[in-house]
Amino acid sequence: MSETLTTLREILSGCDALDPKAWVYLPAGEWSLNTSAAVLRSEEVPPELENEPDAGAPQFAKEHGLRQVLPVTTVQDIVDNAHAQKRDISVNELLKAFDYY
């Protein structure tokens, strides 16, 4: 899996093609379609480090100030549900569904 920055717009628009074992990483704060984001696999966390705030976060996420938000499969479910409710849904409406979740 390539470690690159993308945008939340690209993730919501193309989530079907994302690695189902990965997580969506975003910065803290409010998000827009242009928010920097990454799709990364988290690292295994030993039990003694489970309570550490950035335990398991990939170095790429730490370097770019991103935090683990949701598994890709959950984002895919959000988008699928939104499409089931409204066939011609816009990316802005997908963002609203994502934020609502």
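Thr7 lies in strand E1, which spans residues 6-7 of the predicted model. Its relative accessibility is 19%. Because the cut-off for burial is under 20%, Thr7 counts as buried. Beyond its neighbours within four places in sequence, Thr7 is in contact with Leu33, Asn34, Thr35 and Ala37.

The chain contains 4 helices and 4 strands. Read from the N terminus, the elements follow the order β-α-β-β-α-β-α-α. Of the 101 residues in the chain, 36% are buried. The accessible surface amounts to about 6500 Å². Carbon and sulfur atoms account for 46% of that surface. Contacts between residues at least 6 apart in sequence were also examined. Of these, 65% join residues at least 24 apart.

Strand pairing centres on E2. Strand E2 pairs with E3 in the antiparallel sense, over 3 bridges. Strand E2 also pairs with E4, again in the antiparallel sense. The pairing of E2 with E4 runs over 4 bridges. Trp23 has a partner in each of these strands. Opposite Trp23 stands Leu40 in E3. Opposite Trp23 in E4 stands Pro71.

The largest nonpolar core comprises 21 residues. Leu12, Leu26, Val75 and Phe98 have the most contacts inside this core. Six elements each supply at least two of its residues: helix H1 (8-13), strand E2 (23-26), strand E3 (36-40), strand E4 (67-71), helix H3 (72-85) and helix H4 (91-100). Helix H3 gives the most, with 5 residues. A second core is separate and holds 7 residues. Among them are Tyr25, Ala38, Leu40 and Leu66. Leu40, a member of this second core, is thus also the E3 residue opposite Trp23.

Leu12 illustrates the packing of the largest core. Residues up to four places away in sequence are again left out. Leu12 then touches Leu33, Val75, Val79, Leu94, Leu95 and Phe98. Val75 and Phe98 are, like Leu12, among the residues with the most contacts inside the largest core. Leu33 is a contact of Leu12 and of Thr7.

Helix H4 has a buried side. Its buried residues include Leu94, Leu95 and Phe98. These three cover an arc of only 100° around the axis, so they lie on the same side of H4. The cover over the buried residues of H4 includes H1, E2, E4 and H3. The face turned away from the buried side carries Lys96 and Tyr100, both exposed. Leu94, Leu95 and Phe98 all touch Leu12.

Phe98 has a relative accessibility of 3% and therefore counts as buried. The structure holds 1 aromatic pair. Trp31 and Phe98 form this pair. Their ring centres are 5.8 Å apart, and the planes meet at 55°. The geometry is classed as tilted. The two residues are 67 residues apart, and the pair links distant parts of the chain. Trp31 sits in the loop between E2 and E3, whereas Phe98 belongs to helix H4. Phe98 thus appears in several parts of this description. Phe98 is one of the residues with the most contacts in the largest core, a contact of Leu12 and a member of the aromatic pair.

Note on methods
Residues are numbered from 1 along each chain as its sequence is written. This is a predicted model: local features need pLDDT of at least 70, side-chain atom pairs count only at pLDDT 80 or more; totals for chains, interfaces and linings use all residues. Side-chain values use heavy atoms; hydrogens and water are left out. A nonpolar core is a set of buried Ala, Val, Leu, Ile, Met, Phe, Trp, Tyr and Cys residues joined through side-chain atoms within 4.5 Å. Buried means under 20% relative accessible area, exposed over 50%, partly exposed in between (1.4 Å probe, protein chains only). Contact means heavy atoms within 4.5 Å. Accessible areas come from the Shrake-Rupley method with a 1.4 Å probe; for residues, only the protein chains shown count as cover. Rings of Phe, Tyr and Trp (its six-membered ring) pair if their centres lie within 6.5 Å; planes under 30 degrees apart count as stacked, over 60 as edge-to-face and the rest as tilted. The arc is that of the directions from the helix axis to the C-beta atoms. Two strands pair if DSSP finds at least two bridges between them.
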